[in-house]
Amino acid sequence: MFAIKVENLTKEFDGLVAVDNVSFDIEAGEIFGLLGPNGAGKTTILSMLSTILKPTSGTAIVNDLDILKDEDGVRKSIGIVFQDQSLDEELTAYENMDFHGRLYRIPKNLRQERIAELLKLVELEDRKDSLVKTFSGGMRRRLEIARGLLHHPKVLFLDEPTLGLDPQTRNHLWQYIENLNKEKGITIILTTHYMDEADKLCEKVAIIDMGKIIALDTPQKLKEDLGGDVITIKSPDADKIYSKIKASWVKNIESHDGFVTINLENAEKHITEIVSLSSHNNIDIESISIHKPTLEDVFLNFTGKTIREQEFNTKDQMRMRQRLWRRR
Amino acid sequence: MEEEITVDIVYTIWLRHIKRYIRSRSRIIGSLGMPLFFLLVLGFGLNSVVDLPGMGQDYMGFLIPGIISMSVLFTSVFSGIQIIWDKQFGFLKETLVAPVSRMEIMLGQTLGGATTSLIQGLIILVFSLFLGLNISNIYGFLVACAFMVLIGLSFTAFGIAIASKMDDMHGFQLIINFVIFPIFGLSGALFPLNSLPSWLQPLTLIDPLAYGVEGIRYGLLGTSQINPYFCFIVLAGFTVFMMTFGSYLFRKIQI
């Protein structure tokens, strides 16, 4: 059974294609990750799925409802936690929840019951009467997630849920998300540009770059497809290494900001070759490492760039910095 | 989305507005400061030198309805413009993505703004009782309140219309200096309309606030320069227009 079916979804902004003819399915009960650099179109996809933005063409079915034909129905059946904070800081945690419950027309008794339950779930029950402006970033995030669950959505959208949070809070949040998925059976769709987050949390991942889906599978499968090992070399002459290594055992090689990443089988066997080749050609190597492929390597393999490089290519860099600054 | 209106939802938005208002004591006091300052300085300062022939009023008495309108005007425009903060701090998204119509949100905001501006106006009115204002009949008082509500509704909607078009507070000073102050200055709040040179008078006649000031003046003092029924019709018409226009622009907000 599908929770979401996306069909040829496209969104253009003034001739700029943000989402380019994207189609995919998300199964009910899944944790699905949209992975990609900032500006890849992840948030735009979420905005269209949650009926905030109208697609230029194509459509999607969310919980058996068409996003074009039944906006209200879709809105009632989904919960969403935005990338940027969307709480009223001048209200208390309880009041924020209550406001939401009233907007979704949850009857009073049920509303009070659920608010108490959810605030307990996100461990905010003793702060329920404090103004949100006194909350830390992690507490706000948890409150937003609790709020998104108040009307018992079948699908929960999380847009960069852990952006700007410290590692400990991130781990904590991951646990919540996993529990929610398991215990309540909620389908969760999250966007992230943290590869480890997608790897750890998601059962399926769609890698998005420049508005297109370039790969879609389980993280495990994506990494296996890449296969073998990955050798990463840090060197001031990265480009030189890149041009010198032309052996047959190299499956894929990429050079990117001071690093060379080689994808190959049996890395242990070939690493000495690489080192002697480098010293032969008088190329300095600062460090060298072998590891199993990560999603980062998958992204690199598909796009020829690391996710971070791709990010700093875009003008979004400034916006991103502003956003982080505002969140502080 | 079809534009159905549920009282519950409008009430929810209204309630949030009121809660925020009650909580921001510094804003309440701050926005009372200027009207009280005008009232005291202009009222006492000019009372003995200004003579208003044929009005049966001293200047202080004349000024009080004007300052009440001023207080209502500024509070309501500020209330409407607050939507920019909601936009910037993201809260508007939460409201817009809920299964409610924009009309409900707009109505809740407008009623909230009108309520807080009525309260601000009434605070000035109560204060004015100590400066010689005499409310002799309850009917007049209610007339004044009705006009305050109309000013509150129309200018909150006006603020929302502006906020729908602005992305941040940068243009705010511009709006205050070039729109709100002229509206206030030309409304006859501070001086009788017929004391202006004849080339300026048409401008006062297209100033919707002028009809509000005159209406409140009629309610509180029993005299006005413009027929109060006419004032009511003009201001009510302006309110309907502003609320329609405001919700039109508000509906087009993209987030």
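Modeller: A residue is termed buried when its relative accessible area is under 20%, exposed when that value is over 50%, and partly exposed in between. The structure considered here is a predicted model.

Biologist: Why is E30(A) called buried?

Modeller: The relative accessible area of E30(A) is 8%. The limit is under 20%, and therefore E30(A) counts as buried.

Biologist: What makes the pair E30(A) and K204(A) a salt bridge?

Modeller: A side-chain nitrogen of Lys or Arg must lie within 4 Å of a carboxyl oxygen of Asp or Glu. For E30(A) and K204(A) the N to O distance is 3.9 Å, so the criterion is met. The two residues are 174 residues apart, E30(A) in the loop between β2 and β3 of chain A and K204(A) in strand β9 of chain A.

Biologist: Is K204(A) buried, exposed or partly exposed?

Modeller: K204(A) has a relative accessible area of 24%. That value falls between 20% and 50%, so K204(A) is partly exposed.

Biologist: What makes E90(A) and K133(A) a link between separate parts of chain A?

Modeller: Their closest N and O atoms are 3.3 Å apart, which satisfies the 4 Å limit for a salt bridge. E90(A) lies in the loop between β6 and α3, and K133(A) in the loop between α4 and α5, so the pair ties together parts that are 43 residues apart in sequence. E90(A), at 27% relative accessible area, is partly exposed, and K133(A), at 42%, is partly exposed as well.

Biologist: How do you know which class of exposure applies to K128(A) and to D129(A)?

Modeller: The side chains of K128(A) and D129(A) meet in a salt bridge at 3.6 Å, N to O. D129(A) has a relative accessible area of 56%, over the 50% limit, and is therefore exposed. K128(A) has 33%, in the range between the limits, and is therefore partly exposed.

Biologist: What makes D88(A) and R16(B) a salt bridge between the chains?

Modeller: The N to O distance between their side chains is 2.5 Å, within 4 Å, so the pair qualifies. D88(A) and R16(B) also belong to a network of salt bridges with R20(B) and D86(B). Between chain B and chain A the count is 6 salt bridges, and over all chains the count comes to 30.

Biologist: How extensive is the area buried between chain B and chain A?

Modeller: The buried area is about 2600 Å², of which carbon and sulfur atoms give 58%. E94(B), V97(B) and P99(B) supply 27% of the area that chain B buries against chain A, more than any other three residues. The contact takes 27 residues from chain B and 28 residues from chain A.

How values were computed:
Residues numbered from 1 in each chain as written. Chains lettered and ligands numbered in written order. Predicted model: local features only at pLDDT ≥ 70, side-chain atom pairs only at ≥ 80, totals over all residues. Heavy atoms only, no water. Contact = heavy atoms within 4.5 Å. Buried area = accessible area lost by both parts, 1.4 Å probe. Helix = DSSP H or I, 4+ residues; strand = E, 2+ residues; numbered from the N terminus. Buried < 20%, exposed > 50% of the residue type's maximum accessible area, 1.4 Å probe, protein only.
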